[in-house]
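Trainee: I'm new to this structure and would love a close look at a single part of it. Could you pick one helix and walk me through how it sits among its surroundings?

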Amino acid sequence: MSDASLHATSQDPNDFAVQISDQVESFIVAVTEIAKGDEPDSAVPFLLLEVSQLMLAGGRLGAHEDIVPDERYEPDLGPEADVDDLRERLALMLDPIDVYSEVFDPYEPRKAPVAARISDDLADVVTDLRHGMAHYRAGRVTEALWWWQFSYFSNWGSTASATLRALQSLVAHVRLNQPLAELDGLDTDEDLSNEGDALEEEAGRVMAEEIAAPLGLRTVK
């Protein structure tokens, strides 16, 4: 399949590869547009929607039988596209709720939560997806599907699901008018093994005034 024929009208829209590639491309385009900051008031709700839709594609890849690439060795794609600008734009837009805590593996007993950044996670997911898209656009459809499936299990699936949990939690806190813990004391190099302080009313006020409105969220009256 040549690059010119990938989006030809003769392609079956019900084809698995077409549907997965469409979802992947939609996510990449949407996150790139959101990161431009043209509509900061809608950033968090839009990201919640886009990551949720991407996880559907990931679930379909995860449930699919193992995809075997046509070639034993992956063809060289050259240098990866730089995502530093995307990462920095997202970090600036999402401050001060960029950092969140997450348990890396829920099946690993007594594992302490670690700090992560939504901006880092989204940039990493985009990097993985772009890699597969490069194969797809070059006509290596099976290679693309293999990469998206493999990297779903090894990286972007867990990363995107953690990001989704953080975004959903943020929206839920705001919509249900539940205060967040202090937002400016958490960083990615912080030890989160000890329990934090109880939720404070002041943190809730900061959340409502400085986070909810600028990011397009509303509280439940």
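**A close look at helix α3**

Mentor: Happy to! Let me set the scene with the whole chain: among contacts between residues at least 6 apart in sequence, 76% join residues at least 24 apart. Please keep in mind that this is a predicted model. The chain has six helices and two strands, and along the sequence they follow the pattern α-α-α-β-β-α-α-α. Of its 221 residues, 38% are buried.

Now to our helix. Helix α3 spans residues 84–94, and within it L86, L90, M93 and L94 are buried. Looking down the axis of α3, you would find these buried residues within an arc of 90 degrees, so they line one face of the helix. Turn to the face that points away from that buried side, and you meet the exposed residues E88 and L92. For E88 and L92, exposed means a relative accessible area over 50%, whereas buried means under 20%.

What lies over the buried side? The cover on the buried residues of α3 includes α1 (16–35), α2 (43–63) and α4 (118–137).

Let's follow the chain onward from α3. The loop between α3 and β1 (99–102) holds P96, and the peptide bond from D95 to P96 is cis, with omega near 10 degrees. That is worth pausing on, because most peptide bonds are trans.

Next, step back to see where α3 fits in the interior. The largest nonpolar core has 48 residues, and the members that touch the most others are I20, F27, L129, Y136, L145, W148 and W156. Helix α3 is one of the contributors here: α1, α2, α3, α4 and α5 (141–175) each supply at least two residues of this core. The largest share, 14 residues, comes from α5.

To get a feel for how this core is knitted together, try L129. Setting aside neighbours within four places in sequence, L129 is in contact with V24, F27, I28, L54, W148 and W156.

One last stop is T159, a residue of helix α5. At 13% relative accessibility, T159 counts as buried. A polar atom of the T159 side chain lies 2.9 Å from the backbone oxygen of N155. Not counting residues up to four places away in sequence, T159 touches D121 and V125.

So that you can find your way back to where we began: α3 has its buried residues L86, L90, M93 and L94 on one face, and E88 and L92 on the face turned away.

Technical notes: Residues are numbered from 1 along each chain as its sequence is written. This is a predicted model: local features need pLDDT of at least 70, side-chain atom pairs count only at pLDDT 80 or more; totals for chains, interfaces and linings use all residues. Side-chain values use heavy atoms; hydrogens and water are left out. Buried means under 20% relative accessible area, exposed over 50%, partly exposed in between (1.4 Å probe, protein chains only). Helices (H or I, at least four residues) and strands (E, at least two) are DSSP runs, numbered from the N terminus. The arc is that of the directions from the helix axis to the C-beta atoms. Contact means heavy atoms within 4.5 Å. A nonpolar core is a set of buried Ala, Val, Leu, Ile, Met, Phe, Trp, Tyr and Cys residues joined through side-chain atoms within 4.5 Å. A polar contact is a pair of N or O atoms within 3.5 Å; within protein, one must be able to donate a hydrogen and the other to accept it, and residues adjacent in sequence count only if both atoms are side-chain atoms.
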